[in-house]
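Open the structure in a viewer and keep the selection panel at hand. The stops below say what to select and what is there.

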Amino acid sequence: MNTIRKGRAVVLERPESLVLRELCVPSPSAGAVVARVEYGGVCGSDVHMTKGEFNLPHAIVLGHEGVGVIEELGEGVLHDYAGVNVTAGDRIYWCPIAPCHKCWYCTIEKDFSSCTQATWFGPVDKPTWGSYADFVTLPEGAAFFRIPDGTTSEAVIAFGCALPAVLQGVERAGGIKPLSHVVVQGCGPIGLAAVMLAKLSGAATVTAIDASPLRLRLAEQFGATSVLDLASTSLDERLARVRAVSGGRGADLVIEASGHRSAFPEGVGLCARNAAYLLIGLWASQGEQPFDPSLIVQRNLRLIGTQYAQGRHYHDAMKIVSLHHQAFPFEALITHRCGLHEARQALGLVTSGQAGKVVMRP
Ligand SMILES: [Zn+2]
Ligand SMILES: [Zn+2]
């Protein structure tokens with residue numbers, strides 16, 4: 001039976017033009033899934049898309065982070081992408097990218113987040129998985145995972161795409177070594193996810209840097225052993241503090257999650273000899289930044305960039321939240337819950353730097 005549902009969706013028609021529209025949501029085709037959105041995560045990249053910093057070929061439903069409840073399974077869908085049986089009514093968390101499995105990166109390098117033919121967003125005249133909406137239709141190939149009973153949907157959406165992105169980044173950087181000294185620049189969702197992962201990995205010290213007292217408090221709750229307020233410390237003071245907690249050497253791993261280019265020369269400076277510098281937040285900060293590249297050579301540094309995440313990182317993120325939801329206050333990360341008619345305010349809150357996680361709650 002083909003049911004046609006109707007649902008509201010926040011459509012980005014063109015840069016700066018967000019409209020709440022009613023869209024038809026037909027029954028899923030074979031291999032696809034229709035879910036009712038419980039929470040759509042509001043992400044910094046949504047702000048950049050709305051501003052028109054990325055060329056979108058067509059109007060889209062905004063939002064790539066979501067958790068929801070399965071409404072209807074397409075033919076042949078019996079389990080999630082980790083083999084767990086699913087049925088209508090189950091809660092799921094999904095990866096918004098369906099890799100093609102036919103390109104160089106998918107086949108030869110098995111780096112699905114570099115797939116050259118994956119789509120993040122479909123056009124709005126077809127079933128789409130933009131999550132600022134009542135419903136999503138997850139296409140075949142977009143990995144989704146059943147949220148374990150006892151783990152709240154808010155705990156899972158709290159880190160949105162941030163924890164998966166950090167998991168992939170840390171994987172690219174070769175992991176976080178036990179007893180290492182870690183510095184995290186920026187304590188938005190990506191930075192807080194990095195702080196938590198460093199803590200869980202057995203880092204000796206985790207130093208978090210941000211200008212927001214709210215975010216620094218959250219960093220402490222997620223495992224930071226010391227926090228440095230950008231507003232009340234100088235660059236030299238921060239360097240001295242990081243060296244003081246690391247036996248004078250500096251950080252073994254610096255994770256950039258700030259989105260500010262000025263963080264880059266400071267991050268290089270905070271690195272110990274033989275350290276790695278993982279850059280995540282500078283994704284949307286195109287431009288030039290002066291720094292002294294000789295430091296990279298003289299200190300044997302490794303610079304690692306990373307973007308997006310793959311299905312398995314979404315799986316692992318959900319598992320980490322499920323395992324540790326009593327140790328960390330995931331739900332407390334969510335500071336604002338907005339209706340679909342409040343999309344513009346939600347994006348403004350993200351830009352303010354004063355919010356924790358902002359979510360859409362249709
Ligand atoms: Zn591909
Ligand atoms: Zn995101």
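The tour goes from a sheet to the cysteines and then to a surface patch.

This is a predicted model, in which local features need pLDDT of at least 70 and side-chain atom pairs count only at pLDDT 80 or more, while totals for chains, interfaces and linings use all residues. Residues are numbered from 1 along each chain as its sequence is written, and side-chain values use heavy atoms, with hydrogens and water left out.

Start with residues 4-14, which are strand S1. Strands (E, at least two residues) and helices (H or I, at least four) are DSSP runs, numbered from the N terminus. Strand S1 belongs to an open, antiparallel sheet of three strands, ordered S2-S1-S4. Two strands count as paired if DSSP finds at least two bridges between them. Add strand S2 (17-26) and strand S4 (60-61), the edge strands, each of which pairs on one side only. S1 and S4 are joined by two bridges. Zoom in on valine 11, which has valine 61 of S4 opposite.

Now select cysteine 338. How buried or exposed is cysteine 338? Its relative accessible area is 7%, which counts as buried because the limit is under 20%, with exposed over 50% and partly exposed in between (1.4 Å probe, protein chains only). Cysteine 338 is in no disulfide, and the nearest cysteine sulfur, in cysteine 43, lies 15 Å away. A disulfide needs two cysteine sulfur atoms within 2.5 Å; the structure holds zero of them.

Finish at helix H2 (residues 104-107), where tyrosine 105 sits. Tyrosine 105 is partly exposed, at 31% relative accessible area.

Key. Chains lettered and ligands numbered in written order.
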